[in-house]
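Dear colleague,

Please find the structure below, handed over for your further work. My notes on it follow directly after.

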Amino acid sequence: MPRSNEAVEAFLTEYADLMSISGGDAFRVRTYEKAARSVGGYHADVATLDLKGILAIPNVGSSIGEKIAEFLRSGTVHQLDELRARIPAGVREMISIPTLGPKRAMVLYRDLHIGSVGELADAIHSGMLTGLKGFGPKTEENILRGIALMQQAGGRVQLGVAMDLAEEIIGELSAVRGCSKGTPAGSLRRMAETVGDIDILVASDDGEPVMEAFASLSYVQDVIGRGDTKTSIRTATGLQVDLRVVSPAVWGAALQYFTGSKAHNIKIRERAVRKKLKLSEYGLFHADTDELIVAQTEEEVYERLGLPWIAPTLREDRGEIEAAVRGELPALVRQADIRGDLHTHTDLTDGLAPLEQMLEAAAGFRYAYYAVTDHAPNLYMQRMTDHKMLAQRDRLGSLQPRYPKMTLLHGTELNIDPEGGVDWGPEFLEGFDVCVASVHSHFNQSKDEMTARIVRACQNPHVNVIGHPTGRQIGSRPPLDFDLDEVFAAAARTGTALEINSFPDRLDLRDEHVMWAKRHGVKFAVDTDSHSTVHLPFMRYGIGTAQRGWLTKDDVINAWPLSKLRRFLRKGRA
Ligand code: DGT
Ligand code: CA
Ligand code: CA
Ligand code: ZN
């Protein structure tokens, strides 16, 4: 997603929150929220648009359009600055508690003069909120959980945010003379779900111009440290970026070193020591003579240690070195193996782009098949009806001839009700090519109820994929509480795939759970859950997660040829 769209989405969202907390008109607040989402999902980079172009974005009217133009011109919007000045920083921080929300934050501030996250936690613990309208014990518990989630996130950012910024920076540094290559390293290269800081490695025999270019990038707020081989900066959003510049001659050793993880590297270095070798970011050396053996490529470094190259996504010391020794590393699923996406939306429900646009964009990925899975009727605010669903199916059929190489599948995303039932009965469900089913309500059932609910959904002969199985949202919503072993066993037994939702704030199932589910024999669908064309590229994050869970293409149903996929989707039905 273009960074300027993200920045505009963030300022519109903040504006809506601050309006809401200062008692602004609810309808106007909603208008800004809608516009924020539209800009975030818009296919073109807003920074390249004139006012007329900006006003063509859905849900953007003239007053919002002018604010966007002002923001793009000057980096700020005066009405937003005024609101920020009126509302104390502590209260603004309270809004970001995912389980509180601006309205309740306003009540607490106005009626109880609670002005910070810390004061709020104290107030709950001391019983100050007891009896306050709209704050039952359950709500208080939720707020405390939200505060804990926020503190756990502890300044780490989501993979998608970090990757976008890293790739932009690498793009700019690649243009510097003498710079022969650049790549993300650290947790980013390992595709970890969150990133503490961004590490970038660049190869050049002349570090100075690269450091100079880096320190003067537009995102730089502070230069934390600057040297010949390493410079660290902090961006305006508080994210640290470490840049290392090494000679191309030692690229492989440096890349191995700075990719980590620390735990993986410790084991690798121990292995070197046992072979009377020494490994550093400058190369692999004989321990006694300090003579350089290899440094140029990672492959050489691993090979000289008696190992095949190990993919960065595996380097977490979860058994990859032992597997490498035995010659049993998995042939990891790659993005090129993916033949289609099985969970996507259009503007018939809460997607932002019309069907035609989604299909055009999907065709750009050279998919062999593509499923449209709009929300089913029980998610009431989406206003789905049987009639609309069938009309969409007809439209999809009539668009099929445009895509001779991409089979269009008609699906839906069902809602798993509290008892494990779904929106439609078998006759209607039979008409879909693929059904995703997800939990979208009643998140707080007991563990036993939640387990039974999802197991029952797996037992439904028409449910093919459990969407975002744990429902967690990184940094904002905790996972559902259910017995993972029971659900994994049920999914494997019934031929129900579990989703790896590629949305960077979900990545659900997460890596460890993927590994765990695979041991039960579960199959997976790596899907984007796209609500806009700009979400389709999120597939790479789902693939990263699948690789971190040690999956091969045999484990991933949307890496299969259509005929094999279709058999799986029948679930043994005639
Ligand atoms: P993060 O930033 O918390 O998401 O995780 P990483 O893995 O990116 O950690 P970071 O940024 O501290 O360091 C990047 C890599 O550099 C790390 O994975 C291994 C290597 N590295 C950094 N400092 C050390 C160190 O003191 N000892 C060793 N063995 N490796 C280090
Ligand atoms: Ca890092
Ligand atoms: Ca670092
Ligand atoms: Zn969805």
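**Findings: the ligand site and the backbone**

In this predicted model, ligand 1 occupies the second largest pocket.

The shell around ligand 1 consists of 15 residues, of which Arg-156, Ser-187, Gly-196, Asp-197 and Asp-199 approach nearest. Sorted by class, this shell comprises six charged, six polar and three nonpolar residues.

Three polar contacts to oxygen atoms of the ligand deserve mention. From Ser-187, a polar side-chain atom is placed 2.6 Å from an oxygen atom of ligand 1. Arg-190 likewise contributes a polar side-chain atom, at 2.9 Å from an oxygen atom of ligand 1. In the case of Gly-196, a polar backbone atom takes this role, with a separation of 2.8 Å from a ligand oxygen. Considered alone, ligand 1 exposes 600 Å², and 72% of that area is buried by the protein.

As to secondary structure, helix H11 (186-189), helix H13 (251-259) and helix H14 (262-274) each provide at least two residues of the shell. The largest share is that of H13, which supplies three residues.

The site may also be placed within the overall architecture. The protein is divided into four parts: domain 1 (5-153), domain 2 (157-246), domain 3 (252-326) and domain 4 (335-569). Ligand 1 lies between domain 2 and domain 3, because both of these domains give residues to the shell around it. For orientation across the chain, the centres of domain 1 and domain 3, taken over C-alpha atoms, are 47 Å apart.

Some points of backbone geometry should be inspected as well:

- Gly-260 and Ser-261 are joined by a cis peptide bond, with omega about -5 degrees. Ser-261 is located in the loop that runs between H13 and H14, and both of these helices supply residues to the ligand shell.
- A cis peptide bond also links Asp-508 to Leu-509, where omega is about 0 degrees. Leu-509 belongs to the loop between strand E16 (497-501) and helix H22 (511-519).
- Met-191, although not a glycine, has a positive phi of about 60 degrees. This residue is found in the loop between H11 and strand E3 (194-195), and H11 is again one of the helices that provide shell residues.

Which two domains have ligand 1 between them? They are domain 2 and domain 3, as both give residues to its shell.

With kind regards

Notes: Residues are numbered from 1 along each chain as its sequence is written. Chains are lettered from A and ligands numbered from 1 in the order in which they are written. This is a predicted model: local features need pLDDT of at least 70, side-chain atom pairs count only at pLDDT 80 or more; totals for chains, interfaces and linings use all residues. Side-chain values use heavy atoms; hydrogens and water are left out. A residue is near a molecule or strand if one of its heavy atoms lies within 4 Å of it. A polar contact is a pair of N or O atoms within 3.5 Å; within protein, one must be able to donate a hydrogen and the other to accept it, and residues adjacent in sequence count only if both atoms are side-chain atoms. Accessible areas come from the Shrake-Rupley method with a 1.4 Å probe; for residues, only the protein chains shown count as cover. On a 1 Å grid over the protein atoms alone, a cavity is a set of points where a 1.4 Å probe fits but cannot get out, and a pocket is an open set with protein on both sides within 12 Å along at least five of seven lines; lining residues have an atom within 4 Å of a point. A molecule sits in a cavity or pocket if more than half of its atoms lie within 2 Å of its grid points. Helices (H or I, at least four residues) and strands (E, at least two) are DSSP runs, numbered from the N terminus. Ala, Val, Leu, Ile, Met, Phe, Trp, Tyr, Cys and Pro count as nonpolar, Asp, Glu, Lys and Arg as charged, and the others, Gly among them, as polar. Domain bounds come from an automatic or database domain assignment.
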